[in-house]
Every structure is written in structure tokens, then in C-alpha cells.
Protein chains: 2
Amino acid sequence: MGLRERKKQATRRALQEAAVGLTLEHGLENVTVEEIAAAVDVSPRTFFNYFPTKEEAVLGNAPLSPDEESREVFAMGGPTGDFVNDLTHLITASFASWEDVTAHRTLMRLRKQILEKEPQLAPRAFAQLHGAEEGLGRTIARRLGSAPEDARPQLIAATAMSVMRHTMKRLDFHEGEDAEHVRARLREGFHHLSEVYAPSSG
Amino acid sequence: MGLRERKKQATRRALQEAAVGLTLEHGLENVTVEEIAAAVDVSPRTFFNYFPTKEEAVLGNAPLSPDEESREVFAMGGPTGDFVNDLTHLITASFASWEDVTAHRTLMRLRKQILEKEPQLAPRAFAQLHGAEEGLGRTIARRLGSAPEDARPQLIAATAMSVMRHTMKRLDFHEGEDAEHVRARLREGFHHLSEVYAPSSG
DNA sequence: CGAAATTTTGCATCCGATGCAACTATGAGG
DNA sequence: CCTCATAGTTGCATCGGATGCAAAATTTCG
């Protein structure tokens, strides 16, 4: 990787960290793009060459869609044959590089703190998960062999994302949390659902 | 109701309709607050006396939380004794006045069209449901007698909101859709979930 | 009618965001 | 090393959303 590319990565990272740090310190509304840019010693205009909005610098914008191979495996009935368990594999495959997430645990933790302090940002954070929802529904439809007008796959995708969201909310991004750990938590969540929503369980 | 109050309601309604109409016609980004205000023959500044943001005029801001009595009934094990069925009652009670919703079917339909055409607005629309989630979780916790550290009520609330969202997406806001109709659709949704997430159903 | 309360409005201002053109740094080839 | 092409940075102008404030205008009520 050349000098040019390295500098870009460094600037990007620095802007994210400045955005996160300043937001935690003063609150999102009391931090201007001008300040963030100044902290990194870059012009305000450059900030917008890296991030389309201030919020995106604060929250990050992980792409969040399972790779083609994982989708194919899931659609064909794998990897284990158990629907719920396979679903947890598909979901965790969404983190294009889970190592990346764990490598930046500190940043993730700070972002979690921000989300707790600034509820206005929550919708924007959901938008990422929601973006993946439709595609997830299509993959589920393939596995189930559903007719196109069957609404169930989308429903399953929507609730699965809820479980994912619920699970992520309780992650603390420390060492122990690898993909298998997350899958275990997801399985727990799905299990709770099957208990609660079973007929006459109240 | 005095003249003053009536005029306010009229202005509010007119602004919403102008916002919705212009947005459908030209797209959200191509409609300015100035234009919306001009269409209602009101100063731009006045627009912001009614709505804090342009988006809120377009999407509306129904409060969306069940009334105290409905929460109490649910927490105490009613109204039917079946958990899932009672949950559908609690959720539909969230529409402080369902009549209001049905009375403005046209506006609701237009908003639905907007949400399909302008995906950027979806997160903001979810925010309303998300706002109700935590409170719903607490009510569920009361009914289940859960310990405070039990995460299940929040999980149930989150997925219930997903089912609600999924259901609302398929409403078309015509005459037949009263609260009981919606509850039936919700029950269907919950039923699908119990089937799918049941152990070894793949 | 006239005073009090409430709304509307204009004005100034801030800040996020975008397009554009000039400038600067990097990378590749002779 | 120098030069050119390319990519990235910067300043500038501009737009539009949003807010605070104080001066009109309007409704309410005595």
C-alpha cells in the first residue's frame, strides 16, 4: 500500500476518533464539523470528502451484508441443517471482517456510550441493520422455497434483526466475544422467542 | 373550541398536507420549507412554530404509547389471559385514537407512498416505534414478573415492534381495517414466528 | 373599545452540506 | 532528478434547515 493510501486511512481514522471523542465530551450538538476538522488539522471541506454527514463520522458505516458464499450456503440448507442455528451463522457472517470489529474494540465501546447518551442517533444506527433486512429476507425466502408473495421471510428477517440488535446492545466488546460467542447469544435470543410466542404460554 | 384553536389545527393540517403533497410530487430534497409555507400562505418561520423539522411535517409524529389503563390490564394478565393475544391488544392500544388514524386514511396512504419512494425517511419513521419499545418492555416485564436484570422483556418488546412494523407495512388503510383486523394480522405474525423459531424446524 | 395573552412574522445568525475551481502532494516514466 | 498525470486538499460561494429574539398582528376577554 502506497503512502497516499496510508495517509488517507490515517486521516479517516483520525477524523472518526476526533468525532467520537469530541461528541462524548461535549455532546453531538455542541461539536461542529469545523472543530473536528481542526482537531485533525484538516480543512472543514476535507471532512466532507471523507464522510457525507457528521453523524456518519461518529457512528461509522459498516456495510453489513453477508458475503455471497455464506448466503449460498444458507440458502442450500447449511451449514448445520438446523434453521435457527444456520441463521445465526448467516447473521454473524454479516460482519465482513469480524476481526476488524474486534480489532477496534475501543472505538466500538465509545460508540456504544454515545448511543446511550444521544438517543437521537439510534435511528441512524438502525438504518444500517434495516438496510440489510430486505436482502436477508430474500436469502431466507430461497432457503424456505417461499413463493414471492409470501410475507413470512421478510417477517423472519425483521425479527432476526431485532434479535441481533438486542444482542449487540449487550455486547461489551471485550476479548472473549468472538463470532461463536455472538452466535450463542443469538441462539439464546431465538430460543426465548420460541418459548414466548408459542401458543398459550401466558 | 375557540377560533384561535381552530385556526391552529387548520394551519397544522394544511402544512402537513402541503408537505406530503409537494414531497410526493417533487421528492423530499426538492421541496423547501419556504415552498411548503408559501403553499399554505404562511411565513417560513411559522412553519417551525408547528414542526421542529421538515421531516416531521411529512411523516407526522403520532405519540404512540398505550394508555395507562391498557398497560395495567396487560400487566395484570388480561384482557384474555393468552399472552400473545393480550400483546396484540396492548399494541393496538398504542394508537391513542385508532379512529383518528382511520379518519385520515388518505393522509396515511400518501405517507406510505412517500416511505416507499424515500427510503432515507424510514429510519425516522422507525424512531417512533423504537421510542415505544423500552416502555413496552417494562410493561411486559411486569406481566411476566421478571427480575430487573432479565433481558427477555426487552427482547420480546423489540421483536413485537418488528411484527408491528411488518404488519403496518402491509396495511393499505382502507375501510375494512379496524383494530380487530390489525390484531388478527399481528396474531398471524406471532404465530409464524413461533413456528419458525421452534427448535429444529429447518 | 382597550388591555392582556398568544401567534405570526421578519431579521440575524449558525451550521451542515454541496459544487466548483485552484492549488498541492503523490506516483510513474523517461 | 525532472516532468507530467492523477488524486487529494483547500478556499470560496452558496443553499437550505433550524433557532433566538423582538416587533407587529390577531384573538380573547373584561
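The following exercises, each with a worked solution, concern a predicted model of protein chains A and B with DNA strands C and D.

**Exercise 1. Determine which residues come nearest to DNA strand D, and which part of the strand they meet.**

Step 1. Begin with the residues around the strand. There are 20 residues around DNA strand D, and those that come nearest are A:Lys8, A:Thr46, B:Arg4, B:Lys7 and B:Arg45.

Step 2. Turn to the DNA side. Of the atoms of DNA strand D that come within 4 Å of the protein, 64% belong to sugar and phosphate.

Step 3. Examine individual atom pairs. A:Thr46 places a polar side-chain atom 2.5 Å from a phosphate oxygen of DNA strand D. B:Lys54 also reaches a phosphate oxygen of this strand, through a backbone N or O atom at 2.9 Å. B:Arg4 addresses a base: an N or O atom of its side chain is 2.8 Å from a base oxygen of DNA strand D.

Step 4. Assign the surface to elements. Two or more residues are given by each of helix H1 (3-26) and helix H3 (44-50) of chain A, and by helix H1 (3-26) and helix H3 (44-50) of chain B. H3(A) gives the most, with 4 residues.

Step 5. Classify the residues. The surface near DNA strand D has 7 nonpolar, 6 polar and 7 charged residues.

**Exercise 2. Carry out the corresponding analysis for DNA strand C.**

Step 1. Of the 20 residues around DNA strand C, the nearest are A:Leu3, A:Arg4, A:Lys7, A:Arg45 and B:Thr46.

Step 2. Sugar and phosphate make up 59% of the atoms of DNA strand C that come within 4 Å of the protein.

Step 3. Two polar contacts involve phosphate oxygens of DNA strand C. A polar backbone atom of A:Leu3 is 2.7 Å from one such oxygen, and a polar side-chain atom of B:Tyr50 lies 2.9 Å from a phosphate oxygen. A base oxygen of DNA strand C lies 3.4 Å from a polar side-chain atom of B:Arg45.

Step 4. At least two residues of this surface come from each of H1 and H3 of chain A and H1 and H3 of chain B. The largest share, 4 residues, is that of H3(B).

Step 5. By class, 7 nonpolar, 6 polar and 7 charged residues form the surface near DNA strand C.

**Exercise 3. Describe the contact between chain B and chain A in terms of residues, buried area and polar pairs.**

Step 1. Count the participants. Chain B contributes 38 residues to the contact, and chain A contributes 38 residues.

Step 2. Consider the area. The size of an interface is often expressed as the accessible area lost when the parts come together. Here chain B and chain A bury about 3,200 Å² between them, with 69% of it on carbon and sulfur atoms.

Step 3. Identify the polar pairs. There are 2 salt bridges between the two chains. B:Glu133 forms a salt bridge with A:Arg165, in which the closest N and O atoms are 3.1 Å apart. Across the interface, 11 residue pairs are in polar contact, both residues being at pLDDT 80 or more.

Step 4. Locate the elements on chain B. Helix H6 (83-92), helix H9 (122-144), helix H10 (152-170) and helix H11 (179-197) of chain B each give two or more residues to the side that touches chain A. H10(B) supplies the largest share, 13 residues.

Step 5. Classify this side of chain B. Its residues divide into 19 nonpolar, 12 polar and 7 charged.

Notes. Residues numbered from 1 in each chain as written. Chains lettered and ligands numbered in written order. Predicted model: local features only at pLDDT ≥ 70, side-chain atom pairs only at ≥ 80, totals over all residues. Heavy atoms only, no water. Near = heavy atom within 4 Å. Polar contact = N/O pair within 3.5 Å; in protein donor to acceptor, adjacent residues only side chain to side chain. Nonpolar A, V, L, I, M, F, W, Y, C, P; charged D, E, K, R; others polar. Contact = heavy atoms within 4.5 Å. Buried area = accessible area lost by both parts, 1.4 Å probe. Salt bridge = Lys/Arg side-chain N within 4 Å of Asp/Glu carboxyl O.
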